[in-house]
Amino acid sequence: NDKTQQQQQQEQHEILSKLLAPLISTVPNKENDNNNNNNVASTPTAAERVLHAMLFESKAIQPSDISNAVELSLKNQKQSKEENNEEKEEEQKMDVEEETNPKQAKETKTTSTTSSSTQTAKKATSPPIMTYRQRHIALKFLYNGIPYTGLAENVGSESDNSIEKHLFAALTKSCLITSRESANYSRCGRTDKGVSAFGQVIALCVKSAVPVNAMMEQSANDGDDDDVEVTEVTVKDENETVTKKMKCVQDVDLPRNSVNAISYFVPPKQKKKKKQNNTQESLSSPPPTSTTMTLLQPKTITELNYPQMLNNLLPPSIRVVGWSPVSTEFSARFSCSHRIYRYYFVRSNLNLDDMYRAAKLMEGDHDFRNFCKMNCEQVYNFRRKMHQLRIVRSDGVEHVPKEEEEEEGGGG
């Protein structure tokens, strides 16, 4: 019986491999599957399920799956054949036109090439960050770490449910960044599984609301600055066209919050032209003149509300509470001046007096190289200063041993 089943299954595989040949390219292979290079949809079709079972899993195939897969394969073959026939007919028409009227055929060929390239450009999604500048900011956020595997993302792990995984998903979906690698990302510090944070800080480069080609009118403070390039530009100011001395917008000229608006000068948006029936007229239309290219219009711009954009995409247990512009040299880790940690313990039989005395021994400047992972290439200073360690009860009152209270009272 086992031998008969194996023979039947082998016959099924041979039949399907011939019928479903056009769909082989849609099936993930083991090499590309790990690299995430396949374009298979998240919900596979019946044909894809059959092929995957046939090629990789050696599972029994259901008759319904076979019929659905065969039907889909024949449909794709028919559609592909029709498209090829249409292309051949168009090529034949072009050949006939070239023989009868070469000049008109050349114009028609140029038009068809232009229209096809335009359609391809429309289908391709243009990156939204390219037309707008990027700026380096710091984000402050909080999270309840109980349901997560920690702050740091464990790339490639199926069980990864980190804070950074959700954070970068929101940053990418909102088009604030294109990738983590290009965002100049830094974090203040890690938190382990189940650990929460109420003042976590990260720094990265994000998209700004100010366009790349935005300009500002030269001010009196820009006269002595050699780094500021000033040019004379034609602008439209109060329905009048005038020439003003303008400068390119620098990072210091960008909005410092998402409330106050700043006035810039930007090129006007190009109006979409209506489709013309006459192809020759559209081809012979003159290009935009230099005057229209340099004409700038005033525009008041408010910076993007980064917390609101991200909170609309993040889980409720992760909330961004604010942002601030920072310099390009700023690092959320190495530019941090101090951190505050709170550790919670069950009271039980803990000796609070001994904990108080041990905490006092930790205060001051100490070398903590034995408590950290050695990375001499990036970290060369292992000394840290403990400003204050306190033992606080659940009612918010700091615990101090009685003898310490008496000494303080006597000295006072």
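These exercises walk through a predicted model of one protein chain, each with a worked solution.

Residues are numbered from 1 along each chain as its sequence is written. Because the model is predicted, local features need pLDDT of at least 70 and side-chain atom pairs count only at pLDDT 80 or more, while totals for chains, interfaces and linings use all residues; side-chain values use heavy atoms, with hydrogens and water left out.

**Exercise 1. The chain as a whole**

Task: Find how many helices and strands the chain has, and what share of its residues is buried.

Solution:
- Start with the secondary structure: the chain has 11 helices and 11 strands. Helices (H or I, at least four residues) and strands (E, at least two) are DSSP runs, numbered from the N terminus.
- Next, look at burial: 26% of the 412 residues count as buried. Buried means under 20% relative accessible area, exposed over 50%, and partly exposed in between (1.4 Å probe, protein chains only).
- Turn to the surface: about 30100 Å² is exposed, and carbon and sulfur atoms supply 49% of that area. Accessible areas come from the Shrake-Rupley method with a 1.4 Å probe; for residues, only the protein chains shown count as cover.
- Finish with contacts, meaning heavy atoms within 4.5 Å. Among those with a separation of 6 or more, 68% join residues 24 or more positions apart.

**Exercise 2. A glutamate in a helix**

Task: Place Glu 164 in the secondary structure, decide whether it is buried or exposed, and list what it touches.

Solution:
- Glu 164 belongs to helix H6, which covers residues 163-173.
- Glu 164 counts as buried because its relative accessibility is 0%.
- The side chain of Glu 164 reaches the backbone nitrogen of Glu 153 at 2.9 Å. This is a polar contact, a pair of N or O atoms within 3.5 Å; within protein, one must be able to donate a hydrogen and the other to accept it, and residues adjacent in sequence count only if both atoms are side-chain atoms.
- Leaving aside residues up to four places away in sequence, Glu 164 touches Leu 151, Ala 152, Glu 153, Arg 180, Tyr 185 and Arg 187.

**Exercise 3. A serine in a strand**

Task: Which polar partners does the side chain of Ser 208 have?

Solution:
- Ser 208 sits in strand S3, residues 197-211, and is buried at 0% relative accessibility.
- One partner is the backbone nitrogen of Val 210, 3.2 Å from a polar atom of the Ser 208 side chain.
- Another is the side chain of Glu 303, at 2.8 Å.
- Glu 303 also appears among the residues that Ser 208 touches, including Tyr 132, Arg 135 and Leu 254.

**Exercise 4. Positive phi and the cysteines**

Task: Find where Cys 175 and Asn 184 lie, and give their phi values.

Solution:
- As background, most residues other than glycine have a negative phi.
- Cys 175 has a positive phi of about 65°, and Asn 184 has a positive phi near 55°.
- Cys 175 lies in the loop between H6 and strand S2 (186-187); Asn 184 is in the loop between H6 and S2 too.
- Cys 175 is partly exposed because its relative accessibility is 30%, and Asn 184 is partly exposed at 43%.
- Cys 248 is partly exposed as well, at 40%. The count of disulfides, pairs of cysteine sulfur atoms within 2.5 Å, is 0.

**Exercise 5. Rings**

Task: Why does the pair Tyr 341 and Tyr 343 count as stacked?

Solution:
- The whole structure holds 5 aromatic pairs. Rings of Phe, Tyr and Trp (its six-membered ring) pair if their centres lie within 6.5 Å; planes under 30 degrees apart count as stacked, over 60 as edge-to-face and the rest as tilted.
- The ring centres of Tyr 341 and Tyr 343 are 6.4 Å apart and their planes are at 15°, so the pair is stacked.
- Both tyrosines, Tyr 341 and Tyr 343, are exposed.

**Exercise 6. Loops and distant partners**

Task: Locate Pro 316 and find its C-alpha distance to Tyr 143.

Solution:
- Pro 316 is in the loop between helix H9 (306-311) and strand S9 (318-325).
- Pro 316 counts as exposed, with a relative accessibility of 74%.
- The C-alpha atoms of Pro 316 and Tyr 143 are 8.7 Å apart, although 173 residues separate them along the chain.
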